[in-house]
Amino acid sequence: MSHSPPLSDLAAEVVPLLSELGVDTAGLRGGTLAVRSPITGAQIAQLHEADAATTEAAIGQARRAFETWRQVPAPRRGELVRLLGVELRAAKVALGRLVTLEAGKIRSEGQGEVQEMIDICDFAVGLSRQLHGLTIATERPEHRMMESWHPLGVTAIITAFNFPVAVWAWNAALALVAGNAVVWKPSEKTPLTALAVQALFERAQRRFGDTPAGLSTVLIGGRAVGEALVDDPRVPLVSATGSTAMGRAIAPRLARRFARTILELGGNNAAIVTPSADLDLALRAIAFAAMGTAGQRCTSLRRLIVHSSVRDRLLPRLIKAFASVAVGDPRDESTLVGPLIDAGAAAAMVRALAAAQAAGGTVHGGEPIAVAGSDGCYVRPAIVEMPAQTGVMTEETFAPILYVVTYEDLAEALALNNAVPQGLSSSIFTTDLREAERFLGATGSDCGIANVNIGPSGAEIGGAFGGEKETGGGREAGSDSWKAYMRRATNTINYGHTLPLAQGVTFDIA
Ligand code: NAD
């Protein structure tokens with residue numbers, strides 16, 4: 001039973017929420033960018049887009065902000081990120097709700113995304129006292145060699161619709177403690193959450209005191225704004241999250257000017273279910289990884305590689321779970337699968353299912369679901385039994401489709417796991433230590449993330465996040481990802497009175 005306000009009230013729900021989060025709601029009308037909620041398809045704002053002059057000025061201001069900010073001691077920079085975390089804690093419910101309204105995530109996932117922002121802020125605050133270099137043994141007497149890390153410059157952050165706030169935080173929290181200024185180009189499908197985050201950041205700035213103007217900026221717009229950031233020589237690092245097509249378009253442009261990149265692109269993630277797997281646990285993990293966020297996570301499970309001896313014990317239970325999962329308005333507490341982002345996503349799902357069928361696949365589910373009073377795109381998650389891993393199964397379709405193939409021996413399963421162009425995330429379900437270690441080893445999964453008895457999605461921020469091959473090779477969030485946001489200098493200091501040269505080279509001038 002629905003406890004949501006009537007669907008026609010959606011815009012009326014968004015505006016006070018934005019106001020509560022500190023956004024000036026006068027700017028929500030009259031612009032060229034129509035923002036729609038996937039819940040109903042209704043327009044909830046018309047935003048003004050950044051033109052070339054605004055973008056150019058924002059980059060210039062960010063560069064000037066960087067020149068001041070890089071001189072602020074790192075632990076003090078961490079204090080700003082700590083205050084951002086305080087604001088995010090206070091705003092968690094409201095911002096999570098806005099994520100639900102703008103991106104269509106169910107309540108716990110919307111809240112979870114804000115929690116992820118809080119977690120990376122905490123991580124970055126600690127990091128602000130640990131930005132450490134090395135001291136390295138030198139071959140020369142009375143010399144010292146060391147590595148030091150310095151702020152890099154303006155960091156552009158281009159984000160996708162499906163993690164409209166967390167991905168900015170993964171990047172911005174690290175970039176800010178590293179001493180950089182940030183310029184954010186959010187997805188044109190989810191700009192309102194970006195405006196809300198910017199307002200919260202400005203609250204933190206006010207509590208902090210003196211931060212340079214333009215330390216963090218949001219530029220609303222589409223591809224053209226992203227391209228301006230990509231091509232601007234004042235931006236030494238572009239962290240871009242989105243489709244492989246986007247990465248393919250921007251990577252050569254960035255390479256042309258030798259800019260640094262963190263590319264977080266498409267995934268096509270698999271799970272292997274072995275004969276020794278705990279099937280109850282695997283079932284729950286597979287259901288969340290494949291259907292959670294309506295299959296719209298970069299780490300969503302899309303390929304299930306099941307041992308032939310397990311197939312008949314697992315597949316009927318999965319088909320039943322997919323057929324009965326609650327699909328609908330994500331504001332309803334009982335809903336587990338909300339809408340697809342737009343009609344384009346729904347059309348891509350229809351095309352993929354038709355292609356799978358043409359390739360001999362058997363489709364269970366996948367049909368559109370009507371939600372009363374809504375023009376949103378709701379679908380029943382689909383399971384497709386495939387005769388082999390071919391064609392559409394090797395592509396990323398950003399929708400809840402789980403392709404299933406069987407295998408006979410682990411080498412075959414590992415080969416299937418790795419035989420796609422993408423390399424983001426992967427899992428094995430096994431209670432056999434040898435199988436688990438093989439999956440995690442050098443001849444195992446070729447992905448940036450490899451899990452045991454956990455689905456491929458739902459990473460914590462403590463580890464480095466990212467993937468190989470067409471996923472782009474970038475790493476962000478935890479571990480030593482911070483190094484991507486700083487420049488490294490190797491320093492050799494001679495504290496003696498002679499000048500011995502390395503490698504025994506002599507060069508004695510008269
Ligand atoms: P998208 O590629 O359509 O857009 C992503 C962002 O890139 C948007 O802000 C868009 O405006 C911008 N953009 C697009 N073309 C550009 C260009 N030529 N120059 C500069 N900017 C450009 O992606 P989407 O549909 O918003 O998101 C879904 C995709 O993102 C999926 O492929 C998903 O796997 C991927 N994704 C990856 C990760 C990861 O960490 N690997 C995380 C989230 C999403």
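The following exchange concerns helices of a predicted model. Residues are numbered from 1 along each chain as its sequence is written. Local features need pLDDT of at least 70, side-chain atom pairs count only at pLDDT 80 or more, and totals for chains, interfaces and linings use all residues.

Biologist: What distance separates the end C-alpha atoms of helix α4 (residues 92-103)?

Modeller: Helices are DSSP runs (H or I, at least four residues), numbered from the N terminus. The expected span is 1.5 Å times one less than the number of residues. For the 12 residues of α4 this should be 16 Å, and the distance between the end C-alpha atoms agrees: 16 Å.

Biologist: How many residues of α4 are buried?

Modeller: A residue is buried if 20 or more other C-beta atoms, placed from the backbone, lie within 10 Å of its own. Leu95, Leu98 and Leu101 are among those that qualify in α4, and the cover includes α1 (10-20), α5 (107-127) and α7 (191-208). The helix is largely enclosed by the rest of the structure, because the buried residues number 9 of the 12.

Biologist: Are α5 and α6 (residues 166-177) roughly parallel or roughly antiparallel?

Modeller: Axes are lines fitted to C-alpha atoms over the stretch in contact, and angles run from 0 to 180 degrees between N-to-C directions. The axes of α5 and α6 are 9 Å apart, at an angle of about 15°. Angles under 35 degrees count as roughly parallel and those over 145 as roughly antiparallel. Therefore α5 and α6 are roughly parallel.

Definitions and conventions. Helices (H or I, at least four residues) and strands (E, at least two) are DSSP runs, numbered from the N terminus. Two residues are in contact if their C-beta atoms, placed from the backbone, lie within 7 Å. Angles under 35 degrees count as roughly parallel, over 145 as roughly antiparallel, 65 to 115 as roughly perpendicular and the rest as oblique.
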